[in-house]
Amino acid sequence: MVSYQEALPGALKRYFGFDSFRPLQAEIIQDSLAGRDVLVVLPTGGGKSLCYQLPAMLRPGLTVVISPLIALMKDQVDALSAAGIPATFLNSSLAPGEAAPRLRGLHGGEYRLLYVAPERLVLPGFVEDLKRWQVGVFAVDEAHCISDWGHDFRPEYRQLATVREALPGAAFMALTATATTRVQEDIIRQLRLREPARYVASFNRPNLVYRVAARSGAYGQVLGFLRERSGDSGIIYCQARRTAEDLAARLRADGIAAGAYHAGLEAAERSRQQEAFLRDEVRVICATIAFGMGINKPNVRFVLHHDLPKNVESYYQETGRAGRDGLPGECLLLFSAGDRVKHVRFIDEKPDPHEREVARAQLEQIVHYAETGGCRRTFLLAYFGEQGAPPDGNCGGCDNCLSPRETWDGTLAAQKLLSCVIRVRQQSGFATGLGHVVDILRGGDTDKIRKWGHHTLSTYGIGNEHSRNEWGAIGRELVRLGFLAQDADRFNTIEVTPAGRQWLRERRTLTLTRPMAAPDRKVRAPRAGEIACDEALFERLRELRKRLADERGVPPYVVFGDVSLRHMAREYPVTPAAFSRISGVGERKLAEFAEVFLAAIASHLDQHPRQEFPAPAPTVPPPPPPRRDRSGLATTVRDTLDLLRSGEKVAAVAAARGLKESTILGHLEAAVQAGEAVDLNGQMPADECREILAAFETHGRSLLTPVHEALGGRYSFEQLRLARIIHGQTTTAP
């Protein structure tokens, strides 16, 4: 019998055309095939979909994918069908009569994947259908939607818990690209995940360049940006629907194929605009935040924010739609301090005080991001709790690292501002907002200043050397430096912190960062992740791909992604065998497309000489291979074995090594498969082992969940794995 672990590489190449997994994919798939619940937090472009699509072809039964993205289900299914994977969807977009043959196919076991929206789960009789279809796994996509602590809460996701009750034998996989620790815990609780394996990948997207520019003549900035990237596809996010429509119209008038998308359009028009973008019929979509979640278009080369997003989570998710294929992507935010004022007005209209508090705090974080003079990548990683600062402090992929902003001696300005905040507190006994402090410094004549007598302060009118906007930027930088604290619960009032008071006493010099300027169009960032190739051939293959996609009624990336085309235009395959080695070419696509693409490449070579290219630099430095001893075991596995052989229990070894028990058991499984002898009889009472083994004999040894359920949940998944190892059992394909 071939084990799942042995079958994975061949299945990956056969169905998806890839020779290797992305980080964490193999581990996630193995846990899923073992019947465990899994929580997956991978960045956009990290390969979440493959984590449930590939196991669906190896395990028996149906995998049900729950997604809020009705408009994109067809594209997902088209892509799977093109790869030879039987999949379908059921949603409200189907015309009368279209659902019946799909239901017959589901009853006949013809499909391995079914895509549905969460609302369908409560339709009469649907859960009973799911029971008949022998569902093995529910994959919950965009799982952060279940948490009201997330940035895109959808109440309909809460009903998924009823499915868990109705089909207790099915495992769950929850997937998302953006989830703080708090949201992760909420997902686990709301979905009732059972001792889930949790995989949280790095939030770093090294192929993306992050830039922020002062908005100055926004349309001219946008038009110049697009003209420098002719042929590239991208998204422009706008705060208002009217802005999205007006911007798209002006771009079309200037010869750029642009569409508009927002929630105010009729459903049919939204679908038409989205389809045109996915099929490369328009290269730019001007949209509100209503557009984009789950967009499966891998060749989005840029995301431009015309306006300030409302929080860092939204910004990260929206920028993450660029460069999903690993090729370079650019993220530009046009920022004006006035954006903050607009958002504050919307926030103040919220009736719920808690919502206002959260929204204010989130707004201040995205403003800090926009104004920081430090590494933007480090800021984003730290926001999500990841320590990923480059050793030399320079990520090489953001404007502040590529072209550090000018600094200036802000000692006197900081002294004036901090002193003014202290004087207000001393005289009035309360704190005020930054705007009021700036009015005092600039000698303003406002109702509040007269009412509270703040025109009598010694700091009144001492700050006319800076504009109101400049003082605002100085104040917000002092907040970032920890000299001022801003209380979102008290209308963003500011107070001088102990660190700020200490700095005033010590009279140390303080260096501040100049505000950002409009970008220099002559400066282009390095294109991390670029694949050098014959650009003329690449364009020819793009045209061929578009024609083939139009003939089939699918988006071009369903035929091949840009990565595959660039490898073709770099390696010039001229035989089916060479074509099969191109990344993204699986069995089905080899049979369907090899002849026509090979002919195009041969024709190009008849007219043009073959070009030579240097080896591409890796986007991310490859991790060092695990050290191994003479027996071929990784050193970390050997370290675990040494402790187990000394008589230590699995839990004690995990604690001593700072690892999870599941990791220690993985080491043990690898050692047993390698033929290592280790006495495990003292690891578990003999009667417990016998009871668990009897359940395995009844329910099979491949999946843990049926055994866990049969034993009434009295044993953890780690105990079940340990018992299976003790008796020399490994996960095998049915």
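**Exercise 1. Describe how helix H12 and helix H15 cross, and which residues meet there.**

Solution.
Step 1. In this predicted model, the axes of helix H12 (residues 312–319) and helix H15 (residues 376–383) approach to within 11 Å and cross at roughly 120 degrees.
Step 2. The crossing in which H12 passes H15 is left-handed.
Step 3. On the side of H12, the residues in contact are Val312, Glu313 and Tyr315; they meet Phe379, Leu380 and Tyr383 of H15.
Step 4. Sorted by class, the contact of H12 with H15 holds 5 nonpolar residues, no polar residues and 1 charged residue.

**Exercise 2. Determine whether helix H18 is oblique or perpendicular to helix H20, and characterise their contact.**

Solution.
Step 1. Helix H18 (residues 434–441) and helix H20 (residues 468–480) have axes that come within 10 Å and cross at roughly 130 degrees.
Step 2. Angles of 65 to 115 degrees count as roughly perpendicular, and those over 145 as roughly antiparallel. The crossing therefore makes H18 oblique to H20.
Step 3. H18 passes H20 in a right-handed crossing.
Step 4. H18 contributes Leu434, Gly435, Val438, Asp439 and Leu441 to the contact, while H20 contributes Arg468, Trp471, Gly472, Gly475 and Arg476.
Step 5. The classes in this contact of H18 with H20 are 4 nonpolar, 3 polar and 3 charged residues.

**Exercise 3. Establish whether helix H18 is enclosed or open, and name the elements against which its buried residues pack.**

Solution.
Step 1. The buried residues in H18 are Leu434, His436, Val437, Val438, Asp439, Ile440 and Leu441.
Step 2. Since 7 of the 8 residues of H18 are buried, the helix is largely enclosed by the rest of the structure.
Step 3. The packing partners of these buried residues are helix H17 (411–428), helix H19 (447–452), H20 and strand S16 (493–496).
Step 4. Just after H18, Gly443 adopts a positive phi of about 70 degrees.

**Exercise 4. Give the strand order of the sheet that contains S1 and identify its edges.**

Solution.
Step 1. An open sheet is built from 7 strands in the order S3-S4-S2-S5-S6-S1-S7, with parallel pairing.
Step 2. Strand S3 (87–90) and strand S7 (197–200) each have a single partner strand, so one side of each lacks a neighbour in the sheet; these are the edges.
Step 3. From one strand to the next, the twist averages 15 degrees.
Step 4. Strand S1 (residues 38–41) pairs with S7 in the parallel sense over 4 bridges. In this sheet, Val41 stands opposite Val200 of S7.
Step 5. Helix H5 (residues 99–107) lies across strand S2 (62–66), S3 and strand S4 (113–116), and runs at about 130 degrees to S3.

**Exercise 5. Give the strand order of the sheet that contains S8 and describe the pairing of S12 with S13.**

Solution.
Step 1. Here 6 strands form an open sheet with parallel pairing, in the order S8-S13-S12-S9-S11-S10.
Step 2. Strand S8 (208–214) and strand S10 (258–261) are the edge strands, each pairing on one side only.
Step 3. The twist in this sheet averages 15 degrees from one strand to the next.
Step 4. Strand S12 (residues 300–305) and strand S13 (residues 329–335) pair in the parallel sense over 4 bridges. The bridge partner of His305 is Leu333 in S13.

**Exercise 6. Summarise the chain in terms of its secondary structure and burial.**

Solution.
Step 1. The chain contains 32 helices and 17 strands.
Step 2. Of its 734 residues, 52% are buried.
Step 3. Among contacts with a separation of 6 or more, 73% come from residues 24 or more positions apart.

How values were computed. Residues numbered from 1 in each chain as written. Predicted model: local features only at pLDDT ≥ 70, side-chain atom pairs only at ≥ 80, totals over all residues. Heavy atoms only, no water. Pairing = 2+ DSSP bridges. Helix = DSSP H or I, 4+ residues; strand = E, 2+ residues; numbered from the N terminus. Axes fitted to C-alpha atoms, helices over the stretch in contact; angles between N-to-C directions. Parallel < 35°, antiparallel > 145°, perpendicular 65-115°, else oblique. Left-handed = near helix turned anticlockwise from the far one by under 90°. Contact = heavy atoms within 4.5 Å. Nonpolar A, V, L, I, M, F, W, Y, C, P; charged D, E, K, R; others polar. Buried < 20%, exposed > 50% of the residue type's maximum accessible area, 1.4 Å probe, protein only.
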